Each structure stands twice: as structure tokens, then as C-alpha cells.
Amino acid sequence: MKAVMILAGAGQIGMAIARRMGTGMKIIIGDKKPANAEAIAKIMNEAGFDAEPMETDLASRDSVKKLIGEAQKHGEIKMLVNAAGVSPSQASIETILKVDLYGTAVLLEEVGKVIAAGGAGVTISSQSGHRMPALTPEQDELLACTPAEELLKLDMLQPGNIRDTLHAYQMAKRCNVKRVMAEAVKWGSRGARINSISPGIIVTPLALDEFNGPRGDFYKNMFAKCPAGRPGTADEVANVAELLMSDKGAFITGSDFLVDGGATASYFYGPLKPSA
């Protein structure tokens with residue numbers, strides 16, 4: 001039996017983190033598209049890792065439970081990397097809320113029931129959630145603590161209150177950060193930790209979809225006018241994940257880390273600030 005890592009979302013960021021942290025572990029890779037999971041597993045196995053692909057739909061609790069069940073066949077679950085999700089240019093409002101918001105809540109909840117002592121997880125949120133105006137404390141608490149099966153019934157998430165796919169995505173990512181805070185308390189009772197990372201523009205196939213989509217100029221302008229002056233790489237996100245998931249991060253849980261080259265800073269206090 002081995003220590004096991006669950007990697008949800010077979011993309012560049014998830015793989016970068018798994019390669020950084022998954023040496024000697026069994027890595028179960030779940031993705032909605034089996035071909036994506038198989039491709040990442042192949043790359044990792046050919047680099048000396050022990051990875052197994054699995055079709056997983058984050059929007060289905062049964063599917064998430066099957067992913068966890070498969071992982072448990074190989075040993076204790078010690079790590080979770082959740083890099084699954086869809087972007088505003090890829091999906092409808094309903095799909096974004098079902099996958100990015102509800103699905104993440106379910107995954108954190110279900111893994112939190114079985115995570116091993118000393119275990120750690122990261123979930124990938126987004127800078128986008130930091131640019132949305134603040135919610136009320138009551139709304140934040142609802143996003144953090146509402147049972148996952150009730151989340152999509154919240155008034156603030158009904159169609160009339162969600163303007164467009166970007167707003168849905170921002171709400172989902174705000175919810176991710178708040179869920180991580182609430183789940184950190186539960187994970188702590190098992191001696192485990194969970195944090196989130198909110199990347200900015202990271203060059204991945206998903207980001208390239210955005211660059212070439214209807215909001216492409218917006219994104220190119222964003223990284224051109226951020227302090228770093230460029231988009232980031234998946235390995236730069238993995239640098240932060242390595243701290244959070246290793247013993248060096250033992251006192252860090254329930255936190256969110258903005259890794260965006262300063263884009264959010266520029267949005268509030270620099271050249272990216274929206275004109276009134």
C-alpha cells in the first residue's frame with residue numbers, strides 16, 4: 001500500500017503540482033474527459049511516477065465518491081490537488097456553478113471525511129474572485145457553510161442574480177476560498193490541512209482558449225499592465241503549492257494565496273483600475 005494523491009483536473013497546473021509533490025505516491029487522476037486524464041497519466045508514468053487515470057465528473061457526488069473509492073484501494077489518501085474547473089469562455093452559467101462552485105464544495109467535503117493525519121490539500125481558485133466587490137459577512141458565511149447539496153439553491157446564485165458567465169465564475173471562486181476556510185476547521189480535526197491558491201493569468205491550454213476567445217484582449221491587457229508584465233507558468237503555481245503541502249507549511253491552513261503577478265494590485269491601485 002502507498003500513500004495516495006488525488007489529482008482532480010488533468011491540466012498543466014495540476015500536473016505541475018503532482019510532479020512536484022507526488023514522488024513515491026500513487027496518483028489517481030480524475031477528469032471529466034478520459035482522454036485528458038490518460039494523457040497526463042502517460043506523461044507522468046513515462047517520467048517515473050505511478051499515475052492512474054479515471055473518468056470523474058466533479059459535478060456528481062457519486063462520481064467524486066468513486067474517485068475516492070478507487071484511491072482508497074491503494075492506500076491512505078494523503079494529498080488532494082483540485083485543479084478541475086471550467087472558465088467563463090468555456091461554459092454556461094449553470095455549468096460553471098455546478099462544476100466550479102458545487103463540485104469543489106463536494107470534493108473538499110468528501111475528501112475531508114477520509115484524509116489521513118498529516119495530509120494536505122490545495123484547491124485552485126482564481127484571482128477573479130478577488131476582483132468582485134465584497135459580499136456581506138452573511139453572504140460569505142452562506143457560501144462557506146451551507147451544506148453542499150443546498151448551495152445552488154441560495155438566492156444569490158439564482159439566474160436573476162448572476163449577470164453573466166464571468167460573474168458566475170467570480171462567485172464560484174469566492175465560494176471556493178470561503179469553503180476552504182470552513183473545511184480547514186473540519187480537516188484540522190483529522191490532523192490535516194487545506195488551502196487554496198488563486199492564480200492570475202497562467203499559460204495553459206485553458207488560458208489560451210481565453211486569449212483567443214471574446215475576452216482575449218482583456219486578458220492580454222491584464223498581464224501587460226500587471227507589475228510582473230507577463231503571464232505566469234504552472235510551475236510558479238506549483239512553487240506555492242509545494243510550500244503549502246510540505247512540512248514547511250505546517251502552520252498554514254484555511255488560507256488563500258494570490259499568485260497573479262500583481263494583477264489584482266494593479267486592478268485596485270494601478271493602470272488596470274476600471275474607469276468610473
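**Entry 1. Salt bridges overall**

I searched the whole structure for salt bridges and found 15. I note at the outset that the model is predicted. I kept in mind the general point that side chains of opposite charge can pair when their charged atoms come close.

**Entry 2. Lys26 and Glu52**

I looked up Lys26 and found that this residue forms a salt bridge with Glu52, with the closest N and O atoms 3.6 Å apart. The pair links distant parts of the chain, since Lys26 belongs to strand β2 (residues 26–31) and Glu52 to strand β3 (residues 50–55), 26 residues apart. I then asked whether Lys26 is buried or exposed. Lys26 has a relative accessible area of 10% and is therefore buried. Glu52, at 19% relative accessibility, also counts as buried, because the limit for that class is under 20%.

**Entry 3. Arg61 and Glu149**

I turned next to Arg61, which forms a salt bridge with Glu149; the closest N and O atoms are 2.8 Å apart. Arg61 lies in helix α3 (residues 61–72), while Glu149 sits in the loop between α6 (137–145) and α7 (165–188), so the pair ties together parts that are 88 residues apart in sequence. I recorded Arg61 as buried, at 16% relative accessibility. Glu149, at 42%, I recorded as partly exposed. I also followed the links outward: Arg61, Glu109, Glu110, Lys113 and Glu149 are joined in a network of salt bridges.

**Entry 4. Lys186 and Glu183**

I looked up a pair within helix α7. The side chains of Lys186 and Glu183 meet in a salt bridge, at 3.9 Å from N to O. How far apart are Lys186 and Glu183 in the helix? They are three residues apart in α7, so about one helical turn separates them. Glu183 counts as buried, with a relative accessibility of 4%.

**Entry 5. Helices α4 and α7**

I stayed with α7 and examined how helix α4 (residues 93–112) packs against it. The axes of the two helices come within 9 Å and cross at roughly 10 degrees. This makes α4 roughly parallel to α7, because angles under 35 degrees count as such. On the α4 side, the residues in the contact include Ile93, Leu97, Leu101, Leu108 and Glu109. On the α7 side, Tyr169, Met171, Arg179, Glu183 and Trp187 are among them. I noted that Glu109 also belongs to the network of salt bridges above and that Glu183 is the partner of Lys186. The residues of this contact divide into 14 nonpolar, four polar and five charged.

**Entry 6. Helices α1 and α10**

I then examined helix α1 (residues 12–21) and helix α10 (residues 234–245), which pack at an angle of about 45 degrees with their axes 8 Å apart. The two helices are therefore oblique to each other. Their crossing is right-handed. In α1, I listed Gln12, Ile13, Ala16, Ile17, Arg20 and Met21. These meet residues of α10, among them Ala234, Asp235, Val237, Glu242 and Met245. The residues of this contact divide into nine nonpolar, two polar and three charged.

**Entry 7. Asp57**

Last, I looked up Asp57, which is placed in the loop between β3 and α3. Asp57 is partly exposed, with a relative accessible area of 24%. Which residues does Asp57 contact, leaving aside its neighbours within four places in sequence? I found Lys32, Ser63 and Val64. I also recorded that Asp57 and Gly103 are 46 residues apart in sequence and 8.3 Å apart in space, C-alpha to C-alpha.

Definitions and conventions. Residues numbered from 1 in each chain as written. Predicted model: local features only at pLDDT ≥ 70, side-chain atom pairs only at ≥ 80, totals over all residues. Heavy atoms only, no water. Axes fitted to C-alpha atoms, helices over the stretch in contact; angles between N-to-C directions. Helix = DSSP H or I, 4+ residues; strand = E, 2+ residues; numbered from the N terminus. Parallel < 35°, antiparallel > 145°, perpendicular 65-115°, else oblique. Left-handed = near helix turned anticlockwise from the far one by under 90°. Contact = heavy atoms within 4.5 Å. Nonpolar A, V, L, I, M, F, W, Y, C, P; charged D, E, K, R; others polar. Salt bridge = Lys/Arg side-chain N within 4 Å of Asp/Glu carboxyl O. Buried < 20%, exposed > 50% of the residue type's maximum accessible area, 1.4 Å probe, protein only.
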